[in-house]
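Reader: Hi! I'm new to this one and would love a quick tour. Could you pull it up so we can look at it together?

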Amino acid sequence: MTIQVTSTIEADVVVVGAGPAGIHAALAAGRGGAKTVLVERYGFAGGMSTAALVYPWMTFHTTDGKQVIKGTGQEMVDRLAALNASPGHVRDTCGFVHTITPFHPEVYKVLAVDMLKEAGVRLLFHSFVDSVSVKDDHINGVTLTTKSGRIEIKGRIFIDTSGDADLAYLSGAPVLQGRDGDHLTQPMTMKFRMRGVDLAKVKAYIIEHPDEFYHKTPFDELPGLYLSAVQGFYKHWKEADLPIKRDQVLFFSGPEADEVLVNMTRIQGLDGTNVEDLTLAEELGRKQVLVVADFMEKSLPGFEGASISQVGAQIGIRESRRIEGQYILAMQDVVEGKRFEDVIARSGYPIDVHAPSGNNVVVSWIEGDGAYDIPYRCLLPQKIDNLIMGGRCISTSHEALGTTRLSPSCMATGQAAGTAAALAVKHNTSPQKVSIHELQELLRQNGALLD
């Protein structure tokens, strides 16, 4: 039986993927006056921040605490704070990044939809893009598979915030994957939450055993029992000798007072764009969750009465496909804190590459003022003339992706992509011909930090 297209939707801007990048791309496009449709495969927004429990957001700042990302990302944080769903930006206790942003994911899901609807964005949840209509290197439309049949969306400008460069790949734009040589990607992680954690006991242990932790902030400078991030417990991890290639225990407190988010499982050597590999990753990840939780309950002080309260709806994916765009942001660009004339976003997160095959994390620090520029050219694919990228699948090297993939950076590139799309619609031109000066001025007017 051939499934026919049952309905057609027309829009100015079509955004595929409602993660941190897609939310802010659609917000910017809608607020810019473009008739915007946002397509998402799940029944909620947030992408990795909700479906995969990526928490907290790291980071809107440089490592010395200077804020370099604001715009609609900061607006989101402010509105979450007003709903008592985020403490705002807080100092990292025992990690290597000084400022992080906790948030309540369930409130975030609701707020994101509220903000999108305020901007006039049409939402299509439970919808999966499975084909793209292209003629003369120009996307005419995408087709969705849905419970109510196949839906065609025709648009003028398309934004790929799928995380996996799905739209770019299906349209024939050149894409890259993994590191040079073997094309292996950073490992996947199944994150989970635990309730019943005695954080006062955890804190007391850290104070008594500081050598086991990346300890940077004096505890007497922190409010209450809040532990923003804990990296360490080396002795316990080594003694357990678990079959998981990690070199540390890592968890984040919150959003509840007795709750932590655990980031410790690691699935290596699998392809996040291959359905068989993804199936296996889900199986292995959930088995590792049980192993890690058992270790924490039996071996870590403060976890004696803890138990699993939530596991991600899907495996967390750090890296898959990305475009080979008009400029490929390189590792050297990041570590040198390079400036670009066509800057559309900045970031202060260091390069953070989880080893595709080892058990370590390689961190490369940013020189200069601690931040680097992301140029507009990284959002523009080769070949396709009406497609803009945002988020994890912009044009970077494998190493540079280790910083641009972080949620606040994705919010910033998403806002830039949506703003550029609205301008292209307004002036009836292609994204490549949008005035960089006008784009930058609009971003600044809407709170983005480019200087």
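Reader: Thanks! Let's start with G178: does that residue count as buried or exposed?

Author: Glad to help, and please keep in mind that this is a predicted model. G178 counts as buried because its relative accessibility is 2%, and the cut-off for buried is under 20%.

Reader: Where is G178 found?

Author: G178 sits in a loop, the one that links β11 (175-177) and β12 (192-195).

Reader: And which residues is G178 in contact with, leaving aside its neighbours within four places in sequence?

Author: With those neighbours set aside, G178 is in contact with H183, L184 and T185, and also with E319, S320, R322 and H398.

Reader: What separates the C-alpha atoms of G178 and V292 in space?

Author: A gap of 27 Å separates those two C-alpha atoms, and G178 and V292 are 114 residues apart along the chain.

Reader: Okay, new topic: helix α5. Which of its residues are buried?

Author: α5 covers residues 199-208, and the buried ones are L199, V202, K203, Y205 and I206.

Reader: Why are those on the same side of α5?

Author: They are on the same side because they cover an arc of only 160 degrees around the axis. As a rule, an α-helix has 3.6 residues a turn, so residues three or four places apart point the same way.

Reader: Nice, that helps! What do the buried residues of α5 pack against?

Author: They pack against one helix, α6 (234-240), and against the strands β13 (230-232), β14 (249-253) and β15 (260-262).

Reader: What happens at the start of α5?

Author: There, D198 has a side-chain oxygen that comes to within 3.2 Å of the backbone nitrogen of A200.

Reader: Let's talk about empty space. How many cavities of 30 Å³ or more does a search of the whole structure find?

Author: The search finds one. The volume of the largest cavity is about 100 Å³.

Reader: Which residues lie nearest the centre of the largest cavity?

Author: Of the 16 residues that line the largest cavity, I69, A412, Q415, A448 and L449 lie nearest its centre. By class, this lining has 11 nonpolar residues, three polar and two charged.

Reader: Which element gives the largest share of that lining?

Author: That's α10, with four residues. At least two lining residues come from each of α2 (71-82), β18 (343-347) and α10.

Reader: And how much space lies in the second largest pocket?

Author: About 230 Å³. The elements giving two or more residues to the lining of this pocket are α1 (20-31), α10 (407-426) and α11 (436-445). Here α10 gives the most, with five residues.

Reader: What classes of residue are in the lining of the second largest pocket?

Author: Its lining has five polar, four nonpolar and three charged residues. Among them are R31, K426 and E438.

Reader: Last stop: D451. Is that one buried or exposed?

Author: D451 counts as exposed, because its relative accessibility is 64% and the cut-off for exposed is over 50%. D451 is in the segment after α11.

Reader: What does D451 touch, not counting residues up to four places away in sequence?

Author: D451 touches R339, R346 and R444. With R444 there is a polar contact between the two side chains, at 3.0 Å.

Reader: How far apart are D451 and V68, C-alpha to C-alpha?

Author: In space they are 8.7 Å apart, while in sequence D451 and V68 are 383 residues apart.

Key:
Residues numbered from 1 in each chain as written. Predicted model: local features only at pLDDT ≥ 70, side-chain atom pairs only at ≥ 80, totals over all residues. Heavy atoms only, no water. Buried < 20%, exposed > 50% of the residue type's maximum accessible area, 1.4 Å probe, protein only. Arc of directions from axis to C-beta. Contact = heavy atoms within 4.5 Å. Polar contact = N/O pair within 3.5 Å; in protein donor to acceptor, adjacent residues only side chain to side chain. 1 Å grid on protein atoms, 1.4 Å probe; cavity = no way out; pocket = protein on both sides within 12 Å on 5 of 7 lines; lining within 4 Å. Points joined across faces, edges and corners; volume = space filled by probe spheres on them. Nonpolar A, V, L, I, M, F, W, Y, C, P; charged D, E, K, R; others polar.
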